[in-house]
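Biologist: I would like to learn how to read a model like this one, feature by feature. Please give me the general idea each time, and then the case at hand.

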Amino acid sequence: MRAPAEAAEEQLHAVFRQLGHDLRRAESAVAALVSDRTPNDGRVGVETVDGPDAQARRILELETGARHTFQAFLTGLNRITPVPQTLSGAPDISDDDRRAPPGVTYQLLVDRDFLAEPAAVAALEERVRRGEQVRVTDSPLLKLAVADGDVAMVQLSPERAVLLRQPLTMLVTELFAAVWRHARPYLREVAELTPLDRQILQLMLSGLTDAATANQLGTSPRTVQRRLRALMDLASVTSRLQLGWYAMRNNWI
């Protein structure tokens, strides 16, 4: 008979595999929808955006033009919006100018590649400080942004993106909702954990190495290892995988 810890590890692996499969299938559907459409095919609702500068400008327009909601997948592989100037558009635009009007709800999803970028944690902490909602997923993200559920931009390659309008945005918003629903909150407030512990745990769960985590947080790999050992003791587990399972079951993340 399997031990409870072994059964929990097996279940956790199964959950991650299914989430990854669902995300890849949904992203494939979006890519298939937009990849064969061009601005000259006579179909309404699709516009191509060529070149990094044009893409950056369009993202800025989406963000600052939003009136109710702004949703985005952030990945470190998206050189159009480098960390820490996430969704910044252009370097000559001030922070105040690039923000959406007051009252707009921000929902930002980040992946492992984003968290591995220099200054990613500082950028996300600033977003959270502003009251924006941030969640983390372990699967690589498609690059997209959606304003008010009406206009979306999906990046097909570093050189080309497509701008979608209704009714085509429906598929993109459904994809965002599905991934958001299964993602974990970024740095949930937990009484048992210090801010540093929460950051280390979040980065560990996203697959960053101890060295990468230490570099991101401005500390040493030994400190990361020591704090993770203390968290494992607190959770009464013997492996990092078990620690991740415990963290999810007990709302640490």
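Biologist: Take the sheet to begin with. Which residue is the bridge partner of L74 in β3?

Modeller: In general, strands of a sheet pair through backbone hydrogen bonds, either parallel or antiparallel. In this predicted model, L74 is partnered by V110 of β3. That bridge belongs to the pairing of β2 with β3, which is parallel and has six bridges.

Biologist: Where does V110 lead on the β4 side?

Modeller: To V136, its bridge partner in β4. Strands β3 (residues 105-110) and β4 (residues 133-136) are paired in the parallel sense, over four bridges.

Biologist: And β2 with β5: parallel or antiparallel?

Modeller: Antiparallel, with four bridges joining β2 to β5. One example is Q71, whose bridge partner in β5 is V146.

Biologist: In what order do the eight strands form the sheet?

Modeller: The order is β1-β7-β6-β5-β2-β3-β4-β8, in an open sheet with mixed pairing. At the edges are β1 (46-50) and β8 (184-185), each of which pairs on one side only.

Biologist: How many residues of β2 are buried?

Modeller: Five of its six, so the strand is mostly covered; the cut-off for buried is under 20% relative accessible area.

Biologist: Which strands does α2 lie across?

Modeller: Helix α2 lies across β1, β2 (69-74), β3, β5 (144-147), β6 (151-157) and β7 (160-165). Relative to β6, α2 runs at about 155°.

Biologist: Let us turn to charged pairs. How many salt bridges does the structure hold?

Modeller: The general idea is that side chains of opposite charge can pair when their charged atoms come close. The structure holds 12 salt bridges. One of them joins E63 to R127, with 3.6 Å between the closest N and O atoms. This pair links distant parts of the chain, 64 residues apart: E63 sits in helix α2 (residues 52-65) and R127 in helix α5 (residues 120-129).

Biologist: Is E63 buried or exposed?

Modeller: E63 is buried, because its relative accessible area is 1%. R127 also counts as buried, because its relative accessibility is 3%.

Biologist: What distance, N to O, is found for the salt bridge of E126 and R129?

Modeller: The distance is 2.6 Å. As background, an α-helix has 3.6 residues a turn, so residues three or four places apart point the same way. Here E126 and R129 are three residues apart in helix α5, and therefore about one helical turn separates them.

Biologist: Which term applies to R129, buried or exposed?

Modeller: R129 is exposed, because its relative accessible area is 61%. E126 counts as partly exposed, at 25% relative accessibility. E126 also meets R130 in a salt bridge, at 3.3 Å from N to O, and R130 is partly exposed at 26%.

Biologist: Which residues are linked in a network of salt bridges?

Modeller: The network links E63, E126, R127, R129, R130 and E132. When reading such a network, check the burial of each member separately: E63 is buried, whereas R129 is exposed.

Biologist: Now a single residue. Where is T173 found, and which helix holds it?

Modeller: T173 is found in helix α6 (residues 169-182). T173 is partly exposed, since its relative accessible area is 21%. A polar atom of the T173 side chain lies 2.8 Å from the backbone oxygen of M170.

Biologist: Which residues does T173 touch, leaving out those up to four places away in sequence?

Modeller: T173 touches V146 and G149. V146 is the residue already met as the bridge partner of Q71 in β5. The C-alpha atoms of T173 and D148 are 9.7 Å apart, with their positions 25 residues apart along the chain.

Biologist: Which residues of helix α10 are buried?

Modeller: In α10 (residues 240-249), the buried residues are Q242, L243, G244, W245 and A247. Just after α10, N251 takes a positive phi of about 60°.

Biologist: To finish, how should I read the protein as a whole?

Modeller: Start with the elements: 10 helices and eight strands. Of the 253 residues, 47% count as buried. Among contacts between residues at least 6 apart in sequence, 71% join residues at least 24 apart. The protein exposes about 12,600 Å², and carbon and sulfur atoms supply 52% of that area.

Definitions and conventions. Residues are numbered from 1 along each chain as its sequence is written. This is a predicted model: local features need pLDDT of at least 70, side-chain atom pairs count only at pLDDT 80 or more; totals for chains, interfaces and linings use all residues. Side-chain values use heavy atoms; hydrogens and water are left out. A salt bridge is a side-chain nitrogen of Lys or Arg within 4 Å of a carboxyl oxygen of Asp or Glu. Helices (H or I, at least four residues) and strands (E, at least two) are DSSP runs, numbered from the N terminus. Buried means under 20% relative accessible area, exposed over 50%, partly exposed in between (1.4 Å probe, protein chains only). Contact means heavy atoms within 4.5 Å. A polar contact is a pair of N or O atoms within 3.5 Å; within protein, one must be able to donate a hydrogen and the other to accept it, and residues adjacent in sequence count only if both atoms are side-chain atoms. Two strands pair if DSSP finds at least two bridges between them. Axes are lines fitted to C-alpha atoms, for helices over the stretch in contact, and angles run from 0 to 180 degrees between N-to-C directions. Accessible areas come from the Shrake-Rupley method with a 1.4 Å probe; for residues, only the protein chains shown count as cover.
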